[in-house]
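Student: Could you take me through one part of this model in detail, helix packing first? I would like to follow the contacts residue by residue.

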Amino acid sequence: MSILEKQNRIVEEFSAFEDWMDRYNLLIEKGRSCPVLPDSEKNESLLIKGCQSRVWIKAELKDGKMYFEADSDAVITKGIASLLIEVFSGETPQDVVAAPTDFLEKIGLKEHLSPTRSNGLTAMLKQIKLYALAFSLKK
């Protein structure tokens, strides 16, 4: 499944709910179902700067594809990170770098987040794109 197909699936999933409290609940459920990053990996090098809560994102390159893990001390933030992982894991670095992120606007996420959480989302996206750029340059 391509990045765009994954993004469209998320847009459809969120569009099933008109009320934003239901969408927040979906985001919380995604956060709760996201695997926990071991405490031994929650270090400063993986900590995303600019987030209101503490969030860690780890990236690995296996067989030319990127795989992400994330964790946070806040369930909504972890839900946001799990959305990004769902979209970008299993993709090539080049595809991650080139991928649009307008699906976040389509589900209304950015307009319904506090300014500090919105800054955190931007910081997470930036870090994922930076990991992808670094991996693409290693070739």
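Tutor: E13, F14 and S15 of helix 1 are in contact with R23, L26, L27 and K30 of helix 2. Keep in mind as we go that this is a predicted model. Sorted by class, the contact between helix 1 and helix 2 has 3 nonpolar, 1 polar and 3 charged residues. Helix 1 covers residues 3-15, and its axis comes within 9 Å of the axis of helix 2, with a crossing angle of roughly 130°. That angle makes helix 1 oblique to helix 2, because roughly antiparallel would need an angle over 145 degrees.

Let's stay with helix 2 for a moment, since it also carries an aromatic pair. The structure holds 1 such pair. The ring centres of W20 and Y24 are 5.0 Å apart and the ring planes stand at 65°, so the pair is edge-to-face; the cut-off for that label is over 60 degrees. Helix 2 spans residues 20-33, and W20 and Y24 are 4 residues apart in it, which means that about one helical turn separates them. As for their surroundings, W20 and Y24 are both buried.

Now for a second helix pair, which you can set beside the one above. Helix 3 (residues 75-88) packs with helix 7 (residues 115-137) at an angle of about 30°, and their axes are 11 Å apart. Helix 3 and helix 7 are therefore roughly parallel to each other, as angles under 35 degrees fall in that class. The crossing of these two helices, helix 3 and helix 7, is right-handed. On the helix 3 side, the contact is made by I76, T77, I80, A81, L84 and F88, and on the helix 7 side by R117, L121, M124, L125 and I128. Counted by class, this contact of helix 3 with helix 7 has 9 nonpolar, 1 polar and 1 charged residues.

One residue of that contact is worth a closer look: T77, which lies in helix 3. T77 has a relative accessibility of 4% and so counts as buried, the limit being under 20%. Leaving aside residues up to four places away in sequence, T77 touches S53, V55, S72, R117 and M124. Of these neighbours, R117 and M124 are among the helix 7 residues that make the contact with helix 3.

Key: Residues are numbered from 1 along each chain as its sequence is written. This is a predicted model: local features need pLDDT of at least 70, side-chain atom pairs count only at pLDDT 80 or more; totals for chains, interfaces and linings use all residues. Side-chain values use heavy atoms; hydrogens and water are left out. Axes are lines fitted to C-alpha atoms, for helices over the stretch in contact, and angles run from 0 to 180 degrees between N-to-C directions. Angles under 35 degrees count as roughly parallel, over 145 as roughly antiparallel, 65 to 115 as roughly perpendicular and the rest as oblique. A crossing is left-handed if the near helix is turned anticlockwise from the far one by less than a right angle, and right-handed if clockwise. Contact means heavy atoms within 4.5 Å. Ala, Val, Leu, Ile, Met, Phe, Trp, Tyr, Cys and Pro count as nonpolar, Asp, Glu, Lys and Arg as charged, and the others, Gly among them, as polar. Rings of Phe, Tyr and Trp (its six-membered ring) pair if their centres lie within 6.5 Å; planes under 30 degrees apart count as stacked, over 60 as edge-to-face and the rest as tilted. Buried means under 20% relative accessible area, exposed over 50%, partly exposed in between (1.4 Å probe, protein chains only).
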